[in-house]
Each structure stands twice: as structure tokens, then as C-alpha cells.
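Here is a set of exercises to work through with the model open beside you. Try each task on your own before reading its solution.

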Amino acid sequence: MEIEIATIGGYEEVGRQMTAVRAGDDIVIFDMGLNLSKVLIHDNIRTEGMHSLDLIDMGAIPDDRIMSDLEGDVQAIVPTHGHLDHIGAISKLAHRYDAPIIASPFTLELVKGELEEEGKFDADNELIAMDPGETTSIGDSGVLDLEFVNVTHSIVDAINPVLHTPEGAVVYGLDKRMDHTPVIGDPIDMERFREIGREGEGVLAYIEDCTNANKKGRTPSESVAREHLRDVLYSMEDYDGGIVATTFSSHIARVKSLIEFARDIGRQPILLGRSMETYSGTAKQIGIDFPSDVEMVGYRQSIEQTFERIMNEGKENFLPVVTGHQGEPRATLTRMGRGETPYELEDGDKVVFSARVIPEPTNEGQRYQAEKLLRMQGARIYDDIHVSGHLCQEGHYEMLDELQPEHVIPAHQNMSGFSGYVDLASNQGYKLGRDLHVTSNGNIIDLV
Ligand SMILES: [Zn+2]
């Protein structure tokens, strides 16, 4: 059976991920993501009403025109998890394919939300939920199976899809870290990866998340970030002024920890901001292990009213969890820094960033400015209470040991980001151009 891999997006950047695997006459697409930084750099662009080709020209979504070079029918679109760099282009591209979208339940709910907000295209792809650990048959050949292996990442319900073919398995390894003690959900299923590496024809190809491939050592578990956060918030137990926290709204496990520790120190947590409401609301709705009784406020006007209530009843009784960890100009925390909300920061009030700045000049500039504004109001900053969602080098070595893939394809980075991975894969006997395929967007790798 002929096997080809089209590297469509996310092979020159972190963002707009999209990869297609053709096995015989059948094609499976993994991820359809958005490169948000290409959108945010323009003021006030609203993507909802924009045409795909304009977004492709901006570099915001994958250029999927290369799909016409693959001879076969798309049988499934499979997003790995709910981050926008993996699902954010589905509303712009999925309608071109007569294929269902198959995803884990939380991811699928977020995809649904993306499709509902879309203003230009009307995708009517069937939406199919599949749990981590399950397998389904793909196409009409009867020899292709799609399996979801449970992995751990900075969002719940992340999976690594595996396409089982007669030539071996194609493992799509984006995005994960090896977490054996996650705060929500099951540990990463390393046992299954090990089996896949040893059963049948083994692993034909492994596409790897190289986000942290230049970082030594091991990515800590989410439970480490949780203990760090506990230590910081418990130290504030006797403080009788304002405490405000921010984190990635999609990071359900972290939001859960914030809610629990706020209560432990005698404060009522309130989630504030549109995206906080979207992600946490979705988690609650589909029954993820998440506090069901927490107050969430999404709309601007209701946020203002909530802040007024907090000021009336006393800041010391509350812990608002807000958007704005990257200093986004329109996010709630940045507006608090500018003094645009009824919440009055005073000397000594605490602002907890349970996030790291995404190392990109726009973010760094905006975050610097937001922090400066908060400091000018007297706020004290607690920084970097976070662990990455991506494997570092030791995790990459371990994956190669378990899967023993015939070919490896680094992804989710640019050329300089790939360099660390090329080094370590070379140490393990892979050779550039032979079985280690460093590539760029818009290429097709012919494997069989
Ligand atoms: Zn991700």
C-alpha cells in the first residue's frame, strides 16, 4: 500500500498545524489550526467573516491547496486537542472535505463552538466523538484503523491519533508531555505506545511535537505546577487586600487548582472573561472533573457589575481569575491595569500569573506593558507559576525508545526549533534525508 504524508502547516512555525496521511485511496487529516499571532498583529481583524484564501495569504491558516496533489478521498478530519493552533482553521477549511470530524468529547465541543461562530462558511461535516483509548475503522478498504492514544497536555482530553496501515502505524505525536500524575484525567498511556512500537509491522512514521526540542531534561508534571500554586496562594492566606490570578482559560486543570486554593484560603473564586466562560463552561457541561458550582461571568457589562459587587462586599473575600496572562490589550487583567474596571488595585495587592510569556516579541511587549501598568497601581507580581505542556529532550528520547519508528518527521516548530530534535534523533541513529525528514509547509513525503 502506498503511504504519503503531506506536511501542510505548522512545519515552519508553532501554529496552523495541519498534516494529511494518504494510505492507498484513503486520506486522514490531522489538525486544522490557526496561527493566532498572524491575526493579532493586525488591529481589530475579525476572522469570522473572512475568506479562507485571504487567511491563507496572511499565513493565518494552513495552505491546503496541496491536498489536490494527493490522490485519494479524505475519510476523516482528526483534531488532536482543543488549542486554536490545532482546531482554529476547521471553520474555514473543513467544508471543502466530505468527511466527518472525529475528536475526543471536549475537543469536539470546542470545534462545535468554532463552527457556530463562523460567519462565512457553513460546514456541515458530521461530528463524531471518540474517547481516548478507542479505535475505529477508516475508509472502505477494511485495513485502516484509527486509534486515539491518551496523552497529557495543557488542555484536557488530548490524544495522539494513530493510523494503523498494513505497512505499519503512522503516529501523529502533537502535542503532549509525559505526565504520570496529571491533575485531571488519566496519565499518558506509555504502555500503549510501547505495544504499538512492537506489534505487527511496528511504527512506519512518527510525527513529533518539537516545541521544546531545544530544552534539556524533562517537562514536570502538572502536579508540580499545582504544588507551586498552592505554596504561593497559601502564603497569601492572611493578606486582607486584593488577590487576582490569571492563566490560560483553556487550561482546565490549572483553573481547577486556582478555584480550589482560592477556597482553601477563604476566598470566593470567580472566573471572568469570555474565554474563561467558554472553556470552563464546556468542561462543566461535558462532565469533566471540575468544580460545578463556580461562578463564571463572560460579558463585559456583567464583568463590570461583578467587579462593583466585589468592591462593595470587600476585595478580601474574593479571588477573581481573569484573562490577560499574555498582556493582551483588551483582556480583563490589562484593563484592570489601566484602571478601566471598577476593581481598584491598591499598594500591596497580589497579581498571580500562572502562565509563562509565550516567547514571541508581540507577547513579550504586551506582557511587559501590562505588568508595568499593574505595578504602577501598586500591585505585586507573582510570575511563571507554570509548567510546559510539551516534551523536552528526555521525553523525545523516551518516545523514540518506545515507538522505534522507521521514519521520524519533526513538526510544530521552525527550522531553528527543529535543530535540537535533529541532534537527538541523530544520536539515536537516524539520518537526515534518509529516515529523519526535516521539511517545510507544503511538501509531500513519499514513505512507501
Ligand atoms: Zn496544544
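**Exercise 1: Domains and their contact**

The chain falls into domain 1 (3–218 + 390–446) and domain 2 (222–382), with bounds that come from an automatic or database domain assignment. Before starting, note that this is a predicted model, in which local features need pLDDT of at least 70, side-chain atom pairs count only at pLDDT 80 or more, and totals for chains, interfaces and linings use all residues. Residues are numbered from 1 along each chain as its sequence is written.

Task: Describe how domain 1 and domain 2 meet, and find which helix gives the most to the side of domain 1 that touches domain 2.

Solution.
- Step 1. Take the centres over C-alpha atoms: those of domain 1 and domain 2 are 31 Å apart.
- Step 2. Count the contacting residues: 18 residues of domain 1 are in contact with 18 residues of domain 2. Two residues are in contact if their C-beta atoms, placed from the backbone, lie within 7 Å.
- Step 3. Look for the helices on the domain 1 side: H1 (36–40) and H5 (105–117) each supply at least two residues there. H5 gives the most, with 5 residues. Helices (H or I, at least four residues) and strands (E, at least two) are DSSP runs numbered from the N terminus.
- Step 4. Sort this side by class: 10 residues are nonpolar, 6 polar and 2 charged. Here Ala, Val, Leu, Ile, Met, Phe, Trp, Tyr, Cys and Pro count as nonpolar, Asp, Glu, Lys and Arg as charged, and the others, Gly among them, as polar.

**Exercise 2: The core**

Task: Which residues touch the most other members of the largest nonpolar core, and where does this core lie?

Solution.
- Step 1. Set the terms: a residue is buried if 20 or more other C-beta atoms, placed from the backbone, lie within 10 Å of its own, exposed if 12 or fewer, and partly exposed in between. A nonpolar core joins buried Ala, Val, Leu, Ile, Met, Phe, Trp, Tyr and Cys residues through C-beta atoms within 7 Å.
- Step 2. Pick out the best-connected members: Val28 and Ile29 touch the most others among the 121 residues of the largest core.
- Step 3. Find the main contributor: helix H8 (residues 252–264) gives the largest share, 7 residues.
- Step 4. Place the core: both domain 1 and domain 2 give residues to it, so it lies between them.
- Step 5. Zoom in on Val28: not counting residues up to four places away in sequence, Val28 touches Val21, Gln75, Ala76, Val78, Ile138, Leu146 and Leu163.

**Exercise 3: An annotated loop**

Task: Are Val387 and Gly389 buried or exposed, and what does each contact?

Solution.
- Step 1. Start from the record: an unreviewed UniProt entry places the feature "binding site" at His386, Val387, Ser388, Gly389 and His390. Positions are in the numbering used here, feature names are shortened, and annotations may be inferred rather than shown by experiment.
- Step 2. Locate Val387: it lies in the loop between strand E17 (380–382) and helix H13 (393–403). Gly389 is found in the loop between E17 and H13.
- Step 3. Count neighbours: Val387 is buried because it has 20 C-beta neighbours inside 10 Å, and Gly389 is buried with 23.
- Step 4. List contacts, leaving aside neighbours within four places in sequence. Val387 contacts Thr219, Pro220, Glu222, Val224 and Ala225, while Gly389 contacts His153, Ser154, Asp175 and Arg177.
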